[in-house]
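Please consider the structure shown below. The paragraphs that follow lead the reader through one part of its strand arrangement.

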Amino acid sequence: VIQENPRSGRPIVLTAELPWGWLSAATLDALYALAQTSQTMTLIYDSITTQVRFHRSQGPLVFSPVTPLREYYTGSIYLIETI
């Protein structure tokens with residue numbers, strides 16, 4: 001059992017939106033599989049490195065298709081920093 005406490009770390013939201021970013025269906029499938037685990041991951045952004053988990057109470061993934069064929073998606077990944 002993993003108990004998430006929003007007071008334990010800062011929430012981080014990664015967003016892919018048109019026209020700058022989108023995710024392929026294969027990438028989204030891999031993210032959904034990863035979100036089912038409870039593992040801690042390393043997030044590296046510019047010079048910042050932190051440990052994160054998916055923030056399950058916020059989604060953790062909220063995506064919608066860009067095309068009718070559902071090849072590409074935009075949306076958000078909700079993470080929470082672990083201490």
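In this predicted model, a suitable place to begin is a single pair of residues: S64 has T74 as its bridge partner in strand 6. That pair belongs to a longer contact, for strand 5, which covers residues 61-65, is joined to strand 6 by five bridges in the antiparallel sense. The two strands form a hairpin, and six residues lie between them. Within the turn, R70 has a positive phi of about 60°.

Strand 6 itself spans residues 72-81. Is this strand mostly covered or mostly uncovered? It is mostly covered, as nine of its ten residues are buried. Here a residue counts as buried when its relative accessible area is under 20%.

The account now turns to the other partners of strand 6. Strand 1, made up of residues 11-16, runs antiparallel to strand 6 and is joined to it by six bridges. In strand 6, the residue that stands opposite P11 is I80.

Strand 2, consisting of residues 23-24, also pairs with strand 6 in the antiparallel sense, and two bridges connect them. Here L23 is set opposite Y73 of strand 6.

Strand 4, at residues 48-54, is likewise antiparallel to strand 6, with three bridges between them. F54 has L79 as its bridge partner in strand 6.

To draw these descriptions together, strand 6 pairs with strand 5, is joined by bridges to strand 1, pairs with strand 2 and is joined by bridges to strand 4.

Definitions and conventions:
Residues are numbered from 1 along each chain as its sequence is written. This is a predicted model: local features need pLDDT of at least 70, side-chain atom pairs count only at pLDDT 80 or more; totals for chains, interfaces and linings use all residues. Side-chain values use heavy atoms; hydrogens and water are left out. Buried means under 20% relative accessible area, exposed over 50%, partly exposed in between (1.4 Å probe, protein chains only). Helices (H or I, at least four residues) and strands (E, at least two) are DSSP runs, numbered from the N terminus. Two strands pair if DSSP finds at least two bridges between them.
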